Amino acid sequence: MTLSRRTLLATTAAVAATTTAAAGPAQAAPAGGGRPLRTGFERLADDGYALLDGERVGVVTNPTGITRDVRHIVDVMHADDRVNLTAVFGPEHGFRGTAQAGGSEGRYDDPATGLPVYDTYLKSGQPLADVFTASGVDTVVFDIQDVGARFYTYIWTLFDCMEAARLAGKRFVVLDRPNPVTGRAALGPVLHKEFATFVGRQPVSQAHGMTVAELALLFNGEFLASPVPLETVTMTGWKRSEFYDTSGLPWVPPSPNMPTPETALVYSGTCLFEGTNLSEGRGTTRPFELLGAEGVDGRWAAAANELGLPGVRFREAYFAPTFSKFQGKTVGGVQLHVHDRAAFDPVRTGIALLVTARRSWEGFAWRSDNWIDKLTGSTQVRTMIDAGADTDEVVGAWQRELAAFRAVRRQYLLYR
């Protein structure tokens, strides 16, 4: 992995105290100190939307873009004369969140506000820049709740929109929200560029341990062809060690199969089962916590429990998905029960479950398109598990690249 840090001091002017400019990590003021958490949007509103004064504004958002009294920020800004909100941009699943995985809502006028809603899903580069140009906005604002995993597509919507805004000559503002699974550490393999897709555009670790504002600074400093004029509105009162339930914020599912913060806790590890012939629990009330397939029995849970993985236990489980893999069929497998989330390592756990599934069930197979390589970021995990490697060997193989990413990541962290 080759990462070169570029200086951003010349690209963005300093903004009011409510913002952190794209000039780089050196200008970042840490949050925390026991204050009640205030999101980026709350701080923007507290300042009378001064950062957006005189601008035609478009917002990239979805159902998670809400206030703590569960009003959507689009509705709030549309009703406020201090903001000239003229467009909305919807990601995967759509602005109002009606589409399943791999879908979007298309172009329409929002019935509640009358605002034009443009579809960003599967658009990038110049085609997405053309959308921004056609919308007539001056500033693109991003406010979406992330879940902390490289393959969750909203962070690549952020990346694509930043690149498109740069091409279209637009200003870009990111409103920060908590990483729901903490920002303590980056975990897992780092993507190799030849495996870049919409579930991983750039060399980022599988669990990145960053907020969207921190990622925006990282993208601007390391990965964009040239920096976009960027400002971030940071949170106050958030600490890197905090899980979502300490935030006081309501949880809105960022996507249909991310119903709870507990789902997000395991997702960066168990989403790897999308790359296998086992169900990752879609079509159940516990997606990514339930895993299984026809023919799997209690041997898998027993093998996983024997590893003594920190913070988690595995229950032999049987379930019938209502859609996706094994729809309407009863399958056997495991349910993860995280009993110590501070000790729990989701990526190591995901690898351990792959290793034990392959060893305890003779029907185990990777998806024929080797989707696992896109999720993990290289062929390494798949080929090592196929060769009989154990969990420690697989995890050990990515440590050098992870250490290099962690060193770069550290420069862009905004909070203690």
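A pocket is an open set of grid points with protein on both sides within 12 Å along at least five of seven lines, and its lining residues have an atom within 4 Å of a point. The structure described here is a predicted model.

## The largest pocket

In this model, 26 residues line the largest pocket, and E92, A101, V199, E274 and R282 are the ones nearest its centre. The space in this pocket amounts to about 450 Å³. Sorted by class, its lining consists of 14 nonpolar, six polar and six charged residues.

## Enclosed cavities

Apart from the pocket, the model holds two cavities of 30 Å³ or more. The table sets out their volumes and the classes of their lining residues.

| Cavity | Volume | Lining by class |
|---|---|---|
| Largest cavity | about 60 Å³ | five nonpolar, three polar, two charged |
| Second largest cavity | about 40 Å³ | five nonpolar, two polar, three charged |

The residues lining the largest cavity are T64, I66, T67, R68, Q145, R177, Y244, L249, P250 and V252. One of them, R177, is also among the residues that T211 touches. Around the second largest cavity stand T120, Y121, L122, K123, L128, T157, D160, C161, F198 and R201. Helix α4, which spans residues 154-168, contributes the most to this lining, with three residues.

## Cysteines

C161, part of the lining of the second largest cavity, has a relative accessibility of 0% and therefore counts as buried. C271 is likewise buried, because its relative accessibility is 0%. A search of the whole structure yields zero disulfides.

## Helix α7

Helix α7 covers residues 299-306, and its buried residues are W300, A301 and A304. These residues lie on the same side of α7, because they cover an arc of only 95° around the axis. R299 and E306, on the other side of α7, are exposed. The elements that cover the buried residues of α7 include the strands β11 (290-293), β12 (312-319) and β13 (331-338), together with helix α8 (346-360). After α7 comes G308, which has a positive phi, near 60°.

## Residues in loops

Two residues that are not glycines also have a positive phi: for L122 the angle is about 65°, and for S324 it is about 70°. L122 belongs to the loop between β5 (116-119) and α3 (125-135). Its relative accessibility is 65%, so L122 counts as exposed. L122 also takes part in lining the second largest cavity. S324 is situated in the loop between β12 and β13, two of the strands that help to cover the buried residues of α7. S324 counts as partly exposed, because its relative accessibility is 35% and this class lies between the limits of 20% and 50%.

A third loop, between β9 (205-207) and α5 (212-223), contains T211. Is T211 buried or exposed? With a relative accessible area of 1%, T211 is buried, because the term applies to values under 20%. Which residues does T211 touch, not counting residues up to four places away in sequence? They are D176, R177, N179, M235, W238 and Y415.

Conventions. Residues numbered from 1 in each chain as written. Predicted model: local features only at pLDDT ≥ 70, side-chain atom pairs only at ≥ 80, totals over all residues. Heavy atoms only, no water. Disulfide = S-S within 2.5 Å. Buried < 20%, exposed > 50% of the residue type's maximum accessible area, 1.4 Å probe, protein only. 1 Å grid on protein atoms, 1.4 Å probe; cavity = no way out; pocket = protein on both sides within 12 Å on 5 of 7 lines; lining within 4 Å. Points joined across faces, edges and corners; volume = space filled by probe spheres on them. Nonpolar A, V, L, I, M, F, W, Y, C, P; charged D, E, K, R; others polar. Helix = DSSP H or I, 4+ residues; strand = E, 2+ residues; numbered from the N terminus. Arc of directions from axis to C-beta. Contact = heavy atoms within 4.5 Å.
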